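Hi,

Here is the structure I promised to pass on. Have a look at it first, and then read my notes underneath.

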Amino acid sequence: MIDAVLVINAGSSSIKFALYSLVINKTSNAKEKPLLGGKIVDIGQCPKLYALDANDIDLTKNDLDVFNDQTTHEDLIQWLLDWISCHNHGYTIKGVGHRVVHGGRDFLTATKLTISVVTQLKELIPLAPLHQPHNLSAIEAIFNWAPKLPQIACFDTSFHHTQSTLAQLFALPREYSDKGIIRYGFHGLSYQYITSCLPEYLGTLSEGRVIVAHLGNGASMCALKHRQSVATTMGFTALDGLMMGQRCGSLDAGVVIHLLRCYKMSIEEVEHMLYHKSGLLGVSGISNNMQVLQQSNDPHAQQAIDLFCYRSARELASLVSTLNGLDAIVFTAGIGENSAQIREQICAQLTWLGVTLDLKENRKHNTVISQVNSNIKVLVIPTNEEVVIAEATQKLLASQ
Ligand code: ADP
């Protein structure tokens, strides 16, 4: 039997999973291919499973045909655990590593999950209502499935603890920042993975001024110096910053007051609107899915795409000032990795900075997509949050 670690990354519209072989007390082997890996996508629409085994045998079948737009994350986690058991030939799962979006002030590194830790993490649900409940329901489903199996939480907020106090502060009365109302930042597992790849592609420049654009259904950017987080677009919650699939991104706080006072909306209605009905979906009136919008002839779909790119370029330019210049941009996540059109449209608004894209390389989705003489290098690097979670889980299991 091979000892293995299971990684669960329960996102807003997808659940990614991977089973890695576990080698305790040896150098980490998590960068190897998983024994089994895949994702359930389009949750909330018509969920689909994509999965491969270690030999790249496609395990994708119409297994999820019984599900529909009403199927919850909880249903799918339960289904996935049974599916993994059926496809588990010769592995013993020794631990499970989870992506947990919000670690608040108390959880700065990967942490073993206990009932009391889960209780503390539940208190952070209002700060990440779109993710934290899905992360925690996966943890609870596994506690029910195998109560003694060690589970480890890896936090999206941890990566940003290198930021200065200035980068973290809101201009609110001090008593509120003292109570933890500060900018935390998210997508840290993705940024950690990208920083681990930078030396390979950028050499010594990897220690310079780099902005990573994580453009998926959730989207943010992170300014890096010496491969550490200096500033990021998301803040106290994962609502801030860039326009996203369903989330509005940065918004004048006065709009919220106006909706409450003049439209008599309840707090729950405002929350639902900002987290679930805004972003690409809200502006297009069609979909939160970039691919769907790119295939549409509706002018509102085009306007949603244009606003996404405009906001991205504007936020990126603002991060440049936190780095006092820029050496490289990295695109990653669903849209960043796969849409040459969006990369081109964003970079076209950054030519004044010295970004010159190689349109051919960009359309081929090559790793380096800037021209040789571009002042700023532009790269596409597929992210892999699961590897970061597997490595942290391995380390913690090995230390016990
Ligand atoms: P999540 O935040 O749920 O992890 P992903 O990183 O998987 O999201 O990104 C999902 C987004 O990526 C969707 O908007 C999807 O349309 C977009 N996407 C994936 N492939 C492409 C593509 N080839 N062209 C444009 N957009 C794409």
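Let's start with the ligand: 16 residues surround it, and the closest are Ser13, Asn289, Met290, Gln291 and Gly334. Please keep in mind as you read that this is a predicted model.

Which classes of residue make up the shell around the ligand? Twelve of them are polar, three are nonpolar and one is charged. Three backbone contacts are worth finding on your screen. A polar backbone atom of Asn217 sits 3.1 Å from an oxygen atom of the ligand. For Gly218, a polar backbone atom is 3.2 Å from a ligand oxygen. Ile335 has a backbone N or O atom 3.3 Å from an oxygen atom of the ligand. As for cover, the ligand on its own has 590 Å² of accessible area, and the protein covers 80% of that.

Where does the shell come from along the chain? Two elements, α10 (290-294) and α12 (333-338), give two or more residues to the shell. The largest share, four residues, comes from α12. At the level of domains, domain 1 (2-155) and domain 2 (188-380) each supply at least three residues to the shell around the ligand.

Now the sheet that holds the start of the chain. This is an open sheet of seven strands with mixed pairing, and the order is β4-β3-β2-β1-β5-β7-β6. Its edge strands, β4 (48-53) and β6 (111-112), each pair on one side only.

Strand β1 (residues 2-10) is a good one to trace. Seven of its nine residues are buried, so the strand is mostly covered. On one side, β1 pairs with strand β2 (residues 15-21) in the antiparallel sense, over seven bridges. A hairpin of four residues joins β1 to β2. Along that pairing, Asn9 stands opposite Lys16 in β2, and Ala4 stands opposite Ser21 in β2. β1 also pairs with strand β5 (residues 91-100), this time in the parallel sense and again over seven bridges. Ala4 turns up here too, with Ile93 as its bridge partner in β5.

The second stretch to look at is strand β11 (residues 328-332). Is β11 buried or exposed? Five of its five residues are buried, so β11 is largely enclosed by the rest of the structure. In a regular strand, side chains alternate between the two faces of the sheet. In β11, Ala328, Val330 and Thr332 point one way, Ile329 and Phe331 point the other way, and all are buried.

β11 has parallel partners in β8 and β12. Strand β8 (residues 209-215) runs parallel to β11 and is joined to it by five bridges, with His214 opposite Thr332 in β11. Strand β12 (residues 377-380) is also parallel to β11, with four bridges between them, and there Phe331 stands opposite Val380 in β12.

A couple of backbone oddities caught my eye as well. Most residues other than glycine have a negative phi. Ala333, however, has a phi near 75 degrees, a positive value in a residue other than glycine. This residue lies in helix α12, the element that gives the shell around the ligand its largest share. Ala333 counts as buried because its relative accessibility is 7%, and the cut-off for buried is under 20%. Asp42 is another case, with a positive phi near 55 degrees. Asp42 lies in the loop between β3 (36-41) and β4.

One last residue: Leu127, which lies in the loop between α2 (115-122) and α3 (132-145). Why does Leu127 count as buried? Its relative accessibility is 16%, which is within the range for buried, under 20%. Leu127 also has a partner from far along the chain: Ala238 is 111 residues away in sequence, yet the two C-alpha atoms are separated by 7.8 Å.

If you want a route through the model, try the ligand and its closest residues, including Ser13 and Gly334, then β1 with its partner β2, and then β11 with its partner β8.

Cheers

Key: Residues are numbered from 1 along each chain as its sequence is written. This is a predicted model: local features need pLDDT of at least 70, side-chain atom pairs count only at pLDDT 80 or more; totals for chains, interfaces and linings use all residues. Side-chain values use heavy atoms; hydrogens and water are left out. A residue is near a molecule or strand if one of its heavy atoms lies within 4 Å of it. A polar contact is a pair of N or O atoms within 3.5 Å; within protein, one must be able to donate a hydrogen and the other to accept it, and residues adjacent in sequence count only if both atoms are side-chain atoms. Accessible areas come from the Shrake-Rupley method with a 1.4 Å probe; for residues, only the protein chains shown count as cover. Ala, Val, Leu, Ile, Met, Phe, Trp, Tyr, Cys and Pro count as nonpolar, Asp, Glu, Lys and Arg as charged, and the others, Gly among them, as polar. Domain bounds come from an automatic or database domain assignment. Buried means under 20% relative accessible area, exposed over 50%, partly exposed in between (1.4 Å probe, protein chains only). Two strands pair if DSSP finds at least two bridges between them.
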